[in-house]
Amino acid sequence: MRSLRTGLSLAALVTGAALLFTAPAAHAADTPLRDLAAAKGKVVGTAVTGSKLTGSYGDIAGAQFGSLTPGNAMKWETVEPTQGSFNWTEADQIVAFAQAHNQQVRGHTLVWHSQNPSWLTNGTWTSAQLSSLLQNHISTEVGRYKGKIAAWDVVNEPFNEDGTYRSTLWYNGLGANYIAQALTWAHAADPAAKLYINDYNVEGVNAKSTALYNLVKSLRAAGVPIDGVGLQAHLILGQVPATLQQNIQRFADLGVDVAITELDVRMALPADSGKLAQQKADFKSVVAACAAVTRCVNITVWGFTDSDSWVPGTFPGYGAATPYDENYAPKPAYYGIAEALGGTTTTPPTGACSATYGVTSQWNTGFTGQVTIACTGTALSSWRASWTYGTGQQLTQAWNATCTQSGAAVTCTNASYNGTVPDGGSVTFGFNASWSGSNPVPVVTLG
Ligand code: XIL
């Protein structure tokens, strides 16, 4: 039986290694995004799904990001599906993961027109009842996580595109004052949490962002607890608003923080190297705009991997909107974020393929691993990945590749059906192996 301490240090090693040890070896020293951001006084975050926080997904979420936002786990329909009966399972799990990885949590979201439980939306309520339902909801949820949430998206999406108030359960029942009340109740439940209003299509200077600006200004003047503005930033390829930085700055000048809360950049599928290069430029310019304004404190991506993005399900024909592909290989967009945060340029040069080795699970005698081969600006019609194991590391089984181990040398070649790695795409193969003593992560060589 290995000691707990050994297990933890190995887990830490594996966490970093899945990301750090890529081929070509020149990329081996990439600094995690969270560290690049911290050096600039910023926090970089991601939305997450609680049930996925293990294996490579958990490794990347923990290693690369300094802030987590529950994608759905804290919404009203999730936490109170039946009136008076609560389910905090996923929200608790995400908060615990964040604490274990020294991460902030952005609470999302308390007052919204969407993803409310049907008992609430189908009910008939007087405005007094509605008000007390909302106050109870906010007090209960904010109170439960008091001291554990850095910032709450208290009110989500209150405006129409023309800057008028959106017609919702809350606006229709309580009037525009529901916003001030919600902020006041949230502040009472956790005075230390930063309280935000969050919306989309408010990234540039336009009618909707100006309505938000005027609201924040009047809330500040009235002494209502409002600490920040969230710009969701669900963007379309090549359409970063030219006035983004100017807009961030005008909110900052009101004396509130700004966060980019839900960044993704969707493209018409299929992705290709030209689109991925544009996407890199788009991510880079959004992050650079935030980095340029002192009060822009957090940049959060709405899912870090294309396998966990809302885009394909919501915008048919669009996808590939996040910084990692479906196999967890970093895309050019990842390097765009890193470069805007002052990271050295480690993008694979145009016309390169890389191999990334990761341990997806490990137990006392064995482990399961995977290697992802990704190409940008070029393609492969066959491949061979090789590495050298240390003492005690022995491959036992592989899938989606033919692997042999001779002494310490492991060589894997493509199966008949996955030799092709398209430009902008990737292929992953997996394996089981045994280990004893230690289980270091090797550098993988392609070719
Ligand atoms: C999305 C989630 O990502 C999806 O899983 C869910 O089905 C719908 O909601 N603006 C928001 C987020 O504030 O809460 C939304 O999240 C995306 C748009």
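Student: Where is Asn 102 found?
Tutor: Keep in mind that this is a predicted model. Look past the end of helix H5, which covers residues 89-100. Asn 102 is in the loop between H5 and E4.

Student: Is Asn 102 buried or exposed?
Tutor: The cut-off for exposed is over 50% relative accessible area. Asn 102 has 66%, so it counts as exposed.

Student: What is the phi of Asn 102?
Tutor: Most residues other than glycine have a negative phi. Asn 102 is not a glycine, yet its phi is positive, at about 55°.

Student: Which residue in the loop between E4 and helix H6 (118-121) has a positive phi although it is not a glycine?
Tutor: Check the residues around the ligand, since one of them is in that loop. Its phi is about 50°, and at 23% relative accessibility it counts as partly exposed. The residue is Gln 115.

Student: Which residue is joined to His 108 by a cis peptide bond?
Tutor: Most peptide bonds are trans. Here omega is about -5°. The partner has its place in strand E4 (residues 104-111), and His 108 is among the residues around the ligand. The residue joined to His 108 is Thr 109.

Student: What is omega for the cis peptide bond between Leu 269 and Pro 270?
Tutor: Find Pro 270 in the loop between strand E9 (257-268) and helix H12 (273-291). The bond joining Leu 269 to Pro 270 is cis, with omega at about 5°.

Student: How much of the ligand's accessible area does the protein cover?
Tutor: Start with the contacts: a polar side-chain atom of Lys 75 is 2.7 Å from a ligand oxygen. A ligand nitrogen is 3.2 Å from a side-chain N or O atom of Glu 157, and a ligand nitrogen is 3.3 Å from one in Gln 232. On its own the ligand has 420 Å² of accessible area, and the protein covers 75%.

Student: How many residues of the shell around the ligand are polar?
Tutor: The ligand takes up the space of the largest pocket. Its shell has 3 nonpolar and 3 charged residues, and the polar ones number 6.

Student: How many residues of helix H3 are buried?
Tutor: H3 spans residues 55-64. Buried residues there include Tyr 57, Asp 59 and Gln 64. The helix is largely enclosed by the rest of the structure, because the number buried is 10 of the 10.

Student: Which residue's backbone nitrogen does the side chain of Thr 46 reach?
Tutor: Thr 46 is in strand E2 (residues 43-48). Its relative accessible area is 0%, so it is buried. At 3.3 Å, its side chain reaches the backbone nitrogen of Phe 304.

Methods: Residues numbered from 1 in each chain as written. Predicted model: local features only at pLDDT ≥ 70, side-chain atom pairs only at ≥ 80, totals over all residues. Heavy atoms only, no water. Near = heavy atom within 4 Å. Polar contact = N/O pair within 3.5 Å; in protein donor to acceptor, adjacent residues only side chain to side chain. Areas by Shrake-Rupley, 256 points an atom, 1.4 Å probe, with all protein chains shown as cover. 1 Å grid on protein atoms, 1.4 Å probe; cavity = no way out; pocket = protein on both sides within 12 Å on 5 of 7 lines; lining within 4 Å. Sits in = over half its atoms within 2 Å of the grid points. Nonpolar A, V, L, I, M, F, W, Y, C, P; charged D, E, K, R; others polar. Helix = DSSP H or I, 4+ residues; strand = E, 2+ residues; numbered from the N terminus. Buried < 20%, exposed > 50% of the residue type's maximum accessible area, 1.4 Å probe, protein only.
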